[in-house]
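Hi,

Here's the structure I promised to pass along. Have a look at it first, and then read on for my notes.

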Amino acid sequence: MSEATTGRSVLITGGNRGIGLAIAKAFLANGDKVAITSRSEVTDLPAGILAVKADVTDEASVDAAFKEVEAAHGPVEVLVANAGITKDTLLLRMSEDDFTSVLDTNLTGAFRVLKRASKGMIRLKKGRVVLISSVVGLYGSPGQINYASSKSGLVGMARSLTRELGARNITANVVAPGYVNTEMTDVLPEETKDQYMKAIPAGRFCEPEEIANVVRWVASDEASYISGAVIPVDGGLGMGH
Ligand code: NDP
């Protein structure tokens, strides 16, 4: 008999816009209790989504956000580490701060929320972790040495977590989006967009909902035996990587 995969306490970091917001809506439609973190005040979220303030580069702020979510929805059973930034520039122009600040948000930020969430999951004797990586984590990308390093690091994180906590009914997977229409990609130069479009076998960019559906599924009971996997959602862009 499978357990119910609805009504769970779900937390998505960086859920006020883009892919994170689409993921929040997907879990809400699934009947889960959904909370998102945001650094700024959010006013226009769909009814039913709890917004808590958190900066994933700050452990105390992460802890405070978890306490708020736990008080409202109970221990977090599904964690989606989605918060991420880019600071693109070529290696020779990349400052150490350009590198470490991207790592601090994308990789150490995921570590901070994962560590905080794992306590509750161990007590609950169940949990689902989904780390939002990127096709460029394994494919590589000029001008993104910082970002690609942070995103491939998430693969080692999910796989190590799987080996540490896999026997406790906790799964950890990586979803690796390709080019998705959000504010993050809006700012890319037209030339870069054209290059991506030519390289994507699907011949189009991805919508945030197409990422959200896969995240919801990999956190569902249907995916109970998938852990440590890297699931590409990229229209074929990264095939073989
Ligand atoms: P957006 O730029 O639209 O959203 C980024 C989100 O991350 C925002 O909610 C932002 O919150 C949050 N965030 C950034 N820094 C922090 C921080 N220090 N603490 C807490 N939250 C933070 O990006 P997308 O929706 O496009 O991207 C979401 C994820 O998907 C990212 O990890 C990204 O790397 C990944 N991705 C995106 C792709 C794309 O093509 N768009 C492709 C592959 C992966 P705030 O509004 O408060 O700044």
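Let me start with a spot in helix α5, which is where T162 sits. Bear in mind throughout that this is a predicted model.

Is T162 buried or exposed? T162 counts as buried because its relative accessibility is 19%, and the cut-off for buried is under 20%. Its side chain makes a polar contact of 2.9 Å with the side chain of S227. If you skip the neighbours within four places in sequence, the residues in contact with T162 are A172, S227 and G228.

Now the ligand. How many residues surround the ligand? The answer is 28, and the closest are N16, R39, N82, Y147 and T182. By character, the shell splits into 11 nonpolar, 13 polar and 4 charged residues.

A few distances to oxygen atoms of the ligand that you may want to check on screen:

- Y147: 2.5 Å from a polar side-chain atom to an oxygen atom of the ligand.
- R39: 2.6 Å, again from a polar side-chain atom to an oxygen atom of the ligand.
- G14: 3.2 Å, this one from a backbone N or O atom to an oxygen atom of the ligand.

As for coverage, the ligand on its own has 890 Å² of accessible area, and the protein covers 95% of that. Three elements each give two or more residues to the shell: α1 (18–29), α5 (145–165) and α6 (183–186). So helix α5 turns up twice in these notes, as the place of T162 and as one of the contributors to the ligand shell.

Cheers

Key:
Residues numbered from 1 in each chain as written. Predicted model: local features only at pLDDT ≥ 70, side-chain atom pairs only at ≥ 80, totals over all residues. Heavy atoms only, no water. Near = heavy atom within 4 Å. Polar contact = N/O pair within 3.5 Å; in protein donor to acceptor, adjacent residues only side chain to side chain. Areas by Shrake-Rupley, 256 points an atom, 1.4 Å probe, with all protein chains shown as cover. Helix = DSSP H or I, 4+ residues; strand = E, 2+ residues; numbered from the N terminus. Nonpolar A, V, L, I, M, F, W, Y, C, P; charged D, E, K, R; others polar. Buried < 20%, exposed > 50% of the residue type's maximum accessible area, 1.4 Å probe, protein only. Contact = heavy atoms within 4.5 Å.
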